[in-house]
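Got the model open and not sure where to start? Let's walk through it with a few questions and answers.

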Amino acid sequence: GDRIGTAEKGDCRHGLHATSSLRRRGSPHPDCIHDIGRSAIAMLQPMGPWQANDKAPDADAERFGRLPAPLPRGVWLTAAGVVALLLAVSGRYGFHRDELYFLVAGRKLDWGFVDQPPLTPLLARISETIGGASPVIIRVLPALAIGAVVVLAAAISRRFGGGRKAQIFAGVTAGGAGFALGVGHLLSTSTFDYLLWTVALWLLVGLLDGDRPSRWIALGAVVG
């Protein structure tokens, strides 16, 4: 029995060509099944220009609930740089008319308004309560939201198999786009729409990649 198991493990080195011999011997060794599955995934996964000669991420760690390797330092530096840039220029212009509207709506909070849900007025209320009604203060949360988008975009890239360079590139494009810098400069519904839909996409990609089904609840809460 031990010799058969050892032989079956040895057959795994031959990848998918070992399946026919395994059928003749009976039930394959569990380790062999795992190795053959990984070989099949590797054969089907395309090698993009940003992934070539790059270190492959530990996708299985996220899939089975183990702590994955941390994101590259370049992703965090990109997120910090985008936040710092948005905060540095947040006081160069006065209030946008929509920001004034959200400040007033935040002082009369309700479960909903005629033209929008309560999230953005609530965040305006929180910002004003903490630091007062000034353009710099109420634009802190939008800047942090764009920083979070950078990190989430990199995490999505990793779930698709992107290596270090691909993750950094995804973060740079998500946080450095004109739309991101524009909505990150103002307190608006578009700012938090951008963040929440990125969170929803991150959850959906994880679910399609084999995450726990309970995350469907989180996805529904974010979309709702």
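**Getting to know the fold**

Q: Which residues does H185 touch, not counting residues up to four places away in sequence?
A: Contact here means heavy atoms within 4.5 Å. Leaving out residues up to four places away in sequence, H185 touches L86, V89, S90, Y93, E99 and R139.

A quick note on the source: this is a predicted model, where local features need pLDDT of at least 70, side-chain atom pairs count only at pLDDT 80 or more, and totals for chains, interfaces and linings use all residues. Residues are numbered from 1 along each chain as its sequence is written, and side-chain values use heavy atoms, with hydrogens and water left out.

Q: Is H185 buried or exposed?
A: H185 is found in the loop between α11 (178–183) and α12. Buried means under 20% relative accessible area, exposed over 50%, and partly exposed in between (1.4 Å probe, protein chains only). H185 has a relative accessible area of 15%, so the word for it is buried.

Q: How many helices and strands does the chain have?
A: Helices (H or I, at least four residues) and strands (E, at least two) are DSSP runs, numbered from the N terminus. Read along the sequence, the pattern is α-α-α-α-α-α-α-α-α-α-α-α-α. The secondary structure comes to 13 helices and 0 strands.

Q: Which element gives the largest share of the largest nonpolar core?
A: A nonpolar core is a set of buried Ala, Val, Leu, Ile, Met, Phe, Trp, Tyr and Cys residues joined through side-chain atoms within 4.5 Å. Of the 18 residues in the largest one, A124, L187, F192, L195, V199 and L219 touch the most other members. The elements giving two or more residues to this core are α6 (97–106), α7 (119–131), α9 (140–159) and α12 (189–208). The largest share, 6 residues, comes from α12.

Q: Which residues does V82 touch, not counting residues up to four places away in sequence?
A: V82 is found in helix α5 (residues 73–88), and V82 is buried, with a relative accessible area of 9%. V82 and V172 are 90 residues apart in sequence and 9.0 Å apart in space, C-alpha to C-alpha. Not counting residues up to four places away in sequence, V82 touches I146, V150, G175 and L181.

Q: Which element gives the most to the nonpolar patch?
A: Patches take residues with over 30% relative accessible area and no salt bridge (a side-chain nitrogen of Lys or Arg within 4 Å of a carboxyl oxygen of Asp or Glu); like charges are joined within 9 Å, and nonpolar side chains (Val, Leu, Ile, Met, Phe, Trp, Tyr) within 5 Å. L109, L119, L122, I126, I130 and L196 form this one on the surface, with about 500 Å² of accessible area together (Shrake-Rupley method, 1.4 Å probe, with only the protein chains shown counting as cover for residues). With 4 residues, the most comes from α7.

Q: What is the place of L109?
A: At 38% relative accessibility, L109 counts as partly exposed. The place of L109 is in the loop between α6 and α7.

Q: What separation do the C-alpha atoms of P70 and A155 have?
A: P70 lies in the loop between α4 (59–63) and α5, and at 72% relative accessibility P70 counts as exposed. P70 and A155 are 85 residues apart along the chain, and their C-alpha atoms are separated by 9.7 Å.
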